[in-house]
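Q: Please take a close look at one part of this model for me, a pocket and the residues around it. Then lead me outward to whatever is joined to it, at a pace that suits a first-year student.

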Amino acid sequence: MEKMKRDGTFYINPYLGGVLLGLVLFGTYYITGRGLGASGAVKSTVVTVVHAAAPTHSLDNKYYSKFLSEDSSPMNNWLVFEVIGVLVGGFLSGTLYGRLKFKVEHSPKITSRRRLIAALAGGLLFGIGSQFARGCTSGAALSGMAVLSASGIVTMMAIFGSAYFFSWIFKKLWI
Amino acid sequence: MVGPLIPMGVIPEAWNNVIALFLGVGFGFSLEASGFSSSRKIMGTFFGYDFVVLRVFFTAAVTAMTGIIYFDYMGWMDMSILYINPYYVMSAIVGGIIMGLGFAFGGFCPGTSFTGVAIGKIDAMFFTAGLFIGVFVFSELYPLFEGLYNNQNLGGVKIYELLGMRQNIFAFLLIVAAVGMFYGAGFVEKKVKKVEY
């Protein structure tokens, strides 16, 4: 077997990565009866912070109040623990393959500053879109596909179709 | 042990969050090891220079789907009690389109940006900060979006029910489509000029 490179350029075979991810997703359904997610943890955190800062405001707001109940804090949420795990798992893989480094990754055609502004804007849009779709690429699209949910497959097609279209419009950010 | 284990009471509910942590580690590891902590690698799928997202995503979806259908068929898991996101027709589409625009700007989705954060990508940190702001903006402006958000709820409907197909036929076609895309991706990658990143 060839020696594994630890200079940060080694990635596992994508089909192996897919099977691993698929087994984790399958295991999640088998154990908990629900799929994986990511944006839900952000939502729980936002609800918790807003509720702590302005409790009357959050209870008046029809969206926050959906996720606030008397006996459990929204922070006490399955997805928050799962996302802490994601950070740990990502860190472990980054350590193993030598990718731990503070940097701004961007196309040589744009500045770091421009990349960071675009990244912030992209995150903001993803945050909004994931609320409409009741989940993001993980919770709505990937987990939804595993159980053949209509919502998951439609959301998946909308995300990838739109991303494909807009990437070419904003091509200069990337290539 | 008939799954899903926690809803069936095989594993006590109290273990749920501990299990979440471990499953999250597996999730984060598979994403990072496949290269999803790099926005330029992710964006390769849309420009044709690196189809890692397409390969990982569809392999994962098909693997999990096949496992679930098989376990259900063998009587090892009751698929009918798995959680299915309700399908709100317009909201799902509009949300997906907004997320696609976010993808084109940011180069990440939420899960992949967390793995970028974990290895020190500053652009991933900005993306994640954007996520919090986006959720906050949506929540504050919710009265404006409420109509669209709650419009046309079809409930937890399955795609094959909507199309009037049988489950296993649809699943089989999905696997064929995935294999076809993998084949096509390899073909396109050979034609497209490599991008260094």
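A: The residues that line the second largest pocket of this predicted model divide into three nonpolar, four polar and six charged (Ala, Val, Leu, Ile, Met, Phe, Trp, Tyr, Cys and Pro count as nonpolar, Asp, Glu, Lys and Arg as charged, and the others, Gly among them, as polar). The volume of this pocket is about 360 Å³, and of the 13 residues in its lining, those closest to its centre are A:Gly8, A:Thr9, A:Tyr11, A:Arg99 and A:Lys103. A pocket here is an open set of points on a 1 Å grid over the protein atoms alone, with protein on both sides within 12 Å along at least five of seven lines, whereas a cavity holds points where a 1.4 Å probe fits but cannot get out; lining residues have an atom within 4 Å of a point. Volumes are the space filled by probe spheres set on points joined across faces, edges and corners.

Residues are numbered from 1 along each chain as its sequence is written, while chains are lettered from A and ligands numbered from 1 in the order in which they are written. Local features need pLDDT of at least 70, side-chain atom pairs count only at pLDDT 80 or more, totals for chains, interfaces and linings use all residues, and side-chain values use heavy atoms, without hydrogens and water.

From the pocket, A:Arg99 is a good residue to follow, since one of the five closest to the pocket centre is A:Arg99, and A:Arg99 is also in contact with B:Ser37 of the other chain (contact means heavy atoms within 4.5 Å). B:Ser37 lies in the loop between H1 and helix H2 (39–47) of chain B; helices (H or I, at least four residues) and strands (E, at least two) are DSSP runs. Setting aside neighbours within four places in sequence, B:Ser37 is in contact with B:Glu32, B:Phe108, B:Thr112, B:Thr115, B:Gly116, B:Ile119 and B:Lys121 as well as A:Arg99. B:Ser37 is buried, with a relative accessible area of 0%, where buried means under 20%, exposed over 50%, and partly exposed in between (1.4 Å probe, protein chains only).

A second serine also has a contact in the other chain, this time looking from chain A. A:Ser107 lies in the loop between helix H5 (78–96) and H6 of chain A, and A:Ser107 is buried as well, with a relative accessible area of 2%. Outside the neighbours within four places in sequence, A:Ser107 is in contact with A:Leu173, A:Trp174 and B:Arg40.

After that loop, the path runs along helix H6 (residues 112–132) of chain A, whose 21 residues reach 30 Å from the first C-alpha to the last. Following H6 of chain A comes A:Arg134, placed in the loop between H6 and H7. The phi of A:Arg134 is near 60 degrees, which is a positive value in a residue other than glycine, and A:Arg134 counts as buried at 18% relative accessibility.

Helix H7 of chain A leads to an enclosed space. The model has one cavity of 30 Å³ or more, and the volume of the largest cavity is about 160 Å³. Among its 14 lining residues, the closest to the centre are A:Thr137, B:Phe36, B:Phe57, B:Cys109 and B:Thr112. The elements that give two or more residues to this lining are helix H7 (137–146) of chain A and, from chain B, helix H1 (16–34) and helix H3 (52–74), with H7 of chain A giving the most, three residues. While six residues of the pocket lining are charged, the cavity lining has 11 nonpolar, three polar and no charged residues. B:Thr112 ties this space back to the earlier loop, as B:Thr112 is among the contacts of B:Ser37.

Stepping back to chain A as a whole, there are eight helices and zero strands, and the C-alpha trace spans about 55 × 40 × 35 Å along its principal axes. Of its 175 residues, 57% count as buried, and among contacts between residues at least 6 apart in sequence, 56% join residues at least 24 apart.

Two local features of chain B complete the tour. B:Gln152, in the loop between helix H7 (142–149) and helix H8 (159–163) of chain B, has a positive phi near 50 degrees, and at 43% relative accessibility B:Gln152 counts as partly exposed. In the segment before H1 of chain B is B:Pro4, and the peptide bond from B:Gly3 to B:Pro4 is cis, with omega near -5 degrees. For the complex, the predictor gives an ipTM of 0.97 and a pTM of 0.95.

Note on methods: Expected span 1.5 Å × (residues − 1).
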